[in-house]
Every structure is written in C-alpha cells, then in structure tokens.
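Below is a short note for a colleague who has not worked with this structure before. Please read it with the sequence and the model side by side.

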Amino acid sequence: MSVRQSLLAILEQGPCYGYQLRHEFDRRTGSTWPLNVGQIYNTLERLERDALVERGDADEHGHVYWQITDAGSAAVAQWLSSPVVRTQATRDELAIKLAVAATMPGVDVAAVIQSQRTASLRQLQSLQRAKYAGGEADGPEELSWALVVDSMIFAAEAEVRWLDHAEQRLGSHPRHAMALELATERPKRGRPAKAGTALAGAAPSL
C-alpha cells in the first residue's frame, strides 16, 4: 500500500514517466526499498483502473507521462493525514518461529534465540555504521535516507530487546512443561477464531 500511495504523492508534484517515478521514489526513501520498473507500471495500471491517475501522451523519447486526477489528490491527502495502523493480524516470521520452536520437543530454543541475536546485532551494527553515499550532505535526500535508516535502527534495537525478553520468559518455564505433542482430538471444519479477536478480548479495561 505504501508504494501505491508514495507514487501517487510523487505524481502530486507533477506528471512523471515510469523510470522517473522509480528514481524519485529512490531519492525520497534513501534507496532502501528499490523498486523494479515492472512493479512501477503494474501499480500505475491499477491506479489508472481506480481513476486515480491518467495516462498521457508519449514524448519524443517514447516516455509516457502519468498525471494524478482529482480523486488521486484526495487519496494522497487522506493518506498523509491518516495514521498507519499496524494490525494484530500481521504475521512476524521471527515471533512465529520462536513460538513454534518453544513448543517442539527436543528443540534448543536458547540456541535459536542466540543465533538470531547474533544476526540481529550484526545488522544493528551495520546500520549504525552506515554513511550516506549521496551527494549533498544535510540536504533533503540525505534527510530522507537518515529517517529511513533511523527507523531500521530502532526496529533492530527493539528486536534485540524482545529476544532478551523472550529468553528470560522462556527460561522461567521448565523445558518439559512447554513441549506440545500433536493433538489427538480431530479439529472441526471451518476457520479457527481470529487471534486478534482473542487478544482484544483479553485486553484490560481502562
């Protein structure tokens, strides 16, 4: 969703062609999430289908310029003024991996955590040593790069803290008490209850 809205926001500044949009996206995100041209054009076609952009004529070099519509401008304004909602249903591979490993007989969960901690610390140190490789220092492109890298640093630091917490929490339980054997009861057909609903129900009232 962020790619779609980001491309729309760039088009709010003026018509662009595909490669130009990719370049502008890279400039504004520090080239942290590179996009391929196919992804750009697929997104543009979906935006055109939703009447958020319009396809213009090609120039003398064959570049087809895309421009935003009034509906597209409204969508950009709504995106910028709305908070990003991180739902409880988002799957985190590391959290799922540890949750499953903790319930499997014979798995050394401490070793799993230590292996991940080593990789996470290595990534954190790499991010902390990162230097802007662009041109103008203290310019707008350097600022956008720094914002993205800072976000990644905070996320890596949080991951290391969570691993420490998980290790401490798992250490307080006897290993034999945590293992889950396969259930003997046959599950009923149908979808299981959503985890988000269960978590919401368990939330304390204020």
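The points below cover confidence, the largest pocket, the salt bridges and one further residue.

1. Confidence. This is a predicted model. The mean pLDDT of the protein is 85, and 87% of the residues reach 70 or more. Confidence is not even along the chain: strand S2 (residues 64-68) has the highest mean, at 96, whereas helix H9 (residues 195-202) has the lowest, at 52. Please keep the value for helix H9 in mind when viewing that part of the model.

2. The largest pocket. The space in the largest pocket comes to about 760 Å³. Helices H1 (2-11), H2 (18-29), H4 (70-81) and H7 (140-171) are the elements that each give two or more residues to its lining. Of these, H1 provides the largest share, with six residues.

3. Pocket lining. In total, 24 residues line the largest pocket, and those nearest its centre are Ser-2, Val-3, Ser-6, Trp-79 and Val-84. By residue class, the lining of the largest pocket holds 14 nonpolar residues, eight polar ones and two charged ones.

4. Salt bridges as a group. The count for the model is eight salt bridges. Several of them are taken up in the points that follow.

5. Asp-50 and Arg-4. The side chains of Asp-50 and Arg-4 form a salt bridge, with 2.8 Å from N to O. Arg-4 belongs to helix H1, while Asp-50 sits in the loop between helix H3 (37-49) and strand S1 (53-58), so the pair ties together parts that are 46 residues apart in sequence. Asp-50 has a relative accessibility of 32% and therefore counts as partly exposed.

6. Arg-55 and Glu-48. A salt bridge joins Arg-55 to Glu-48, and the closest N and O atoms are 2.8 Å apart. Arg-55 is partly exposed, at 45% relative accessible area. Glu-48 is also classed as partly exposed, at 29% relative accessibility.

7. Arg-117 and Glu-167. Arg-117 forms a salt bridge with Glu-167, again with 2.8 Å between the closest N and O atoms. Arg-117 is in helix H6 and Glu-167 is in helix H7, so this pair ties together parts that are 50 residues apart in sequence. Is Arg-117 buried or exposed? Arg-117 counts as buried because its relative accessibility is 10%, and the cut-off for buried is under 20%. Its partner Glu-167 is partly exposed, with a relative accessible area of 34%.

8. The network around Glu-24. Which residues are linked with Glu-24 in a network of salt bridges? The network links Glu-24 with Arg-27, Arg-28 and Glu-141. Glu-24 lies in helix H2, and its side chain makes a polar contact of 2.9 Å with the side chain of Arg-27. With a relative accessibility of 12%, Glu-24 counts as buried.

9. Gln-125. The last residue in this note, Gln-125, is part of helix H6 (residues 109-129). Gln-125 is partly exposed, at 41% relative accessible area. How far apart in space are Gln-125 and Ala-156? The C-alpha atoms of the two residues are 9.4 Å apart, although 31 residues separate Gln-125 and Ala-156 in sequence.

Methods:
Residues are numbered from 1 along each chain as its sequence is written. This is a predicted model: local features need pLDDT of at least 70, side-chain atom pairs count only at pLDDT 80 or more; totals for chains, interfaces and linings use all residues. Side-chain values use heavy atoms; hydrogens and water are left out. pLDDT is the predictor's confidence in each residue, from 0 to 100. Helices (H or I, at least four residues) and strands (E, at least two) are DSSP runs, numbered from the N terminus. Buried means under 20% relative accessible area, exposed over 50%, partly exposed in between (1.4 Å probe, protein chains only). On a 1 Å grid over the protein atoms alone, a cavity is a set of points where a 1.4 Å probe fits but cannot get out, and a pocket is an open set with protein on both sides within 12 Å along at least five of seven lines; lining residues have an atom within 4 Å of a point. Grid points are joined across faces, edges and corners, and a volume is the space filled by probe spheres set on the points. Ala, Val, Leu, Ile, Met, Phe, Trp, Tyr, Cys and Pro count as nonpolar, Asp, Glu, Lys and Arg as charged, and the others, Gly among them, as polar. A polar contact is a pair of N or O atoms within 3.5 Å; within protein, one must be able to donate a hydrogen and the other to accept it, and residues adjacent in sequence count only if both atoms are side-chain atoms. A salt bridge is a side-chain nitrogen of Lys or Arg within 4 Å of a carboxyl oxygen of Asp or Glu.
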